Every structure is written in structure tokens, then in C-alpha cells.
Amino acid sequence: MPAVTFQITNKCSRSKARLGKLNTPHGVVDTPVFMPVGTQATVKAISPRDLEEIGARVILGNAYHLYLRPGHELIREAGGLHSFMAWPGVILTDSGGFQVFSLGDLRRVTEEGVEFRSHIDGSRHMLTPEKVMEIEMALGPDIAMVFDECTGYPAEREYAKQAMERTTRWAERCLKAHCRNDQALFAIVQGSVFPELRRASARDLVSLGFPGYAVGGLSVGEPKELMCEILDETVPLLPEDKPRYLMGAGSPDYMLEGVWRGIDMFDCVLPTRMARNGTVLTGTGKLVIRNARYKYDFSPLEPDCGCYTCRNFSRAYIRHLFNVDEILGPMLTTLHNLYFLLQFMQKIREAIAGDYLPEFRKEFYSNYEANEV
């Protein structure tokens, strides 16, 4: 039996949204789902216990960062990433492709792989599809991602084509090198914002028979409307009976649009990074808690929010924590932001189950303002 299986349990009659169950060696995950990002074997500013309590079932780690520090062999000796970080739930590891290609002049891409200098100490390293599989198999997540060449935005068509084709060849090499039976390997569709490249990438990767498919290279600075257009072109080409993952999307509106088009999984550093900078998510948009207007505001971050932060602390208090650089401030805002997104996904799942997602979407946009206040 495959390590990871996926079953669709319900569909929205007026969109491409669907409910599913992702069955893994470390539990069942209801989809659509948001995955908090724990890049370096920890989700910043929140404990695994609190993650469990707010409803997180799957988190994301990063092969590039864990390879550099503390090293995949050390984590293997610790019993794998689950044991090392004391996380009982599901783990997905990104291959590090996005991080490597973000290094700019510090890396050189060849058909064999990517030679790069560490952003930590300048030491030289070489990542190939085979090396990345070695790393991810040592880390032992439930789901591992193939090594891909991620293109930014904007990108020249010729470069996007070369990167997309190389990603497909690397995916095939990853598939051949991957031999851990208790772990699923997902492919990554590339092609930037060029529909014909996305179609070619999806077609070629689907022919290889992966158990899951991600859409990479979106949510990297392109307008939301363009992202939606590319999803409209790409998602219908992915197998309906396998999970679909939109990489790097973590704002409520982006996730809602992804779900609307048939995406099942999301991840992003946005909610935790924003939280550490004093910005919180609410049903009406982003709230910058450092602003002077909240100095005497003794209401919670969001009325009717059930998170620990909103049940116990006021905007005025949290603003004070940030102003005096107390670590509790980022901890409280991180907990709130993750709780907010996990509850948001729960409400989406309920709307799909009740077949009222279009009404939910309309109400969401009637209240939500993307600008900060």
C-alpha cells in the first residue's frame, strides 16, 4: 500500500473545490489544509504543543536549511525529523529548490544540479536530485518534494522554458533515486506565468505517476489575478484523485482562490513572519498592532476569536509588548495568526460540505480588505 493516499469525500457543486482526506503514516489530514512552516525544525515563536492545541495537523520543514544546519545525518541519528523536533503529526519537507534559487549570484545551475555557497558561512556545496533525495529520506518526513528549479517573477519565457524542462528531468531522477517506502514523493509543476509551459509541465509530470502534485513558482510577486489565471490553466490537468498543493500561498484571499480552483494544500511563512513584525490577520484584513491608535484599545485582536491570545489579552497590552521588545508579543501574535488561518480553513471545509462556498466567498470579500490598518 502507498505511504500516502488521498480520498475525495465531497465536492462543491458550484466550483472546483473539494474535501479530502490525506492518509499518512502520522495521521489523517482533512483537506483543504494550511501547513504552518517550520523551516529549521521549528515553527518560529510557537511550541509544538501549542500548534497541536490550535489544530495544526501537518507542518513543513526545509531540506536546504536542515542540510546546512544541523545536518541530515545528525537528524537521521536522532530518529528522523519527527523525533528530533518532537512533532507527532504529519511533516512535509520542501526540497530547498526555492531557497537555492533565491541565492542569486551565490549559485550556479547546471544539468547535474546546483553548486552554491552557503548563506551562513560561504562554504561550497552541490545539490543534485539524488543528493536531495538522500537528504529528505534521512529527514524522514511523510511527504518529500522533488528538487526543482523555481523561477521568480517576472521571468523571460526562454529561461522559464529551460527551468521547466530541467525540473521535469530532475523530477524523473528524483523518482529513480527515491526508495523510502514509508514516504511519498510529490512533483512540482513549473512554467512561470506562461500557460503553454504550465500545460507541458503538468502533462510530463503526470505521465511519471507521482502520488501528489504541487504548483510551484506562483505567489512569488505576480498579481493575484494572474496567479488565478495560471491555476485555471494548470489545476484541471492534474489527476483528480491525487492531492494538489499550491506552494507559498498563505494569505486568506490567496488560499480561498486556490481552494475555489481545486487546490488541497497550502503553506507559507507569511502569517508567522507578519506576526513577528507586529501584523495580525483578522476577518476584515491586516491589523498593525504597533500603530498608536491601539494604545488605549482594550479589545482583543479580533472580536469573537477563540484563540488563547484573544481570550486573554488586549490590543493595548500586545502593542506594549512590541514597543518594549518583549518576546511574548511575537509569541501571542504568531499563535493568533496561525489559529486564524487554521480556523479559516475549517470554515472553508464546512462551506464545501454544506455546499455554500460561493456564499462564503462573497461574504468574505465583502468584509476583507487586503491593506493594513
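Colleague: What makes the pair Glu112 and Arg173 a salt bridge?

Modeller: In this predicted model, the closest N and O atoms of Glu112 and Arg173 are 3.7 Å apart, and because the cut-off between a side-chain nitrogen of Lys or Arg and a carboxyl oxygen of Asp or Glu is 4 Å, the pair counts as a salt bridge. The two residues belong to distant parts of the chain, 61 residues apart, with Glu112 in the loop between β7 (107-109) and β8 (114-117) and Arg173 in helix α7 (residues 157-177).

Colleague: Why is Arg173 called buried, and what is Glu112 called, buried or partly exposed?

Modeller: Arg173 has a relative accessible area of 19%, and since buried means under 20%, Arg173 is classed as buried. Glu112 has a relative accessible area of 44%, which lies between the 20% limit for buried and the 50% limit for exposed, so Glu112 is termed partly exposed.

Colleague: How do you know that Glus196 and Arg157 form a salt bridge?

Modeller: The closest N and O atoms of Glu196 and Arg157 are 2.7 Å apart, a value within the 4 Å cut-off, and therefore the pair qualifies as a salt bridge. This pair also links distant parts of the chain, Glu196 being in helix α8 (residues 195-206) and Arg157 in helix α7, 39 residues apart. Glu196, with a relative accessible area of 31%, and Arg157, with 35%, are each partly exposed, because both values fall between 20% and 50%.

Colleague: What makes Arg261 and Glu257 count as buried, or as exposed?

Modeller: The relative accessible area is 12% for Arg261 and 4% for Glu257, and because the limit for buried is under 20%, both residues are classed as buried. Arg261 and Glu257 form a salt bridge with each other, the closest N and O atoms being 2.7 Å apart.

Colleague: How many salt bridges does the structure hold?

Modeller: The structure holds 24 salt bridges.

Colleague: How do you know that Cys150 is in no disulfide?

Modeller: The count of disulfides comes to 0; for Cys150, the nearest cysteine sulfur, that of Cys268, is 13 Å away, and because a disulfide requires sulfur atoms within 2.5 Å, Cys150 is in no disulfide. For Cys179, which is likewise in no disulfide, the nearest cysteine sulfur, that of Cys174, is 12 Å away.

Colleague: Why is Cys179 called exposed?

Modeller: Cys179 has 57% relative accessibility, and because exposed means over 50%, Cys179 counts as exposed, whereas Cys150, at 10%, counts as buried.

Note on methods
Residues are numbered from 1 along each chain as its sequence is written. This is a predicted model: local features need pLDDT of at least 70, side-chain atom pairs count only at pLDDT 80 or more; totals for chains, interfaces and linings use all residues. Side-chain values use heavy atoms; hydrogens and water are left out. Helices (H or I, at least four residues) and strands (E, at least two) are DSSP runs, numbered from the N terminus. Buried means under 20% relative accessible area, exposed over 50%, partly exposed in between (1.4 Å probe, protein chains only).
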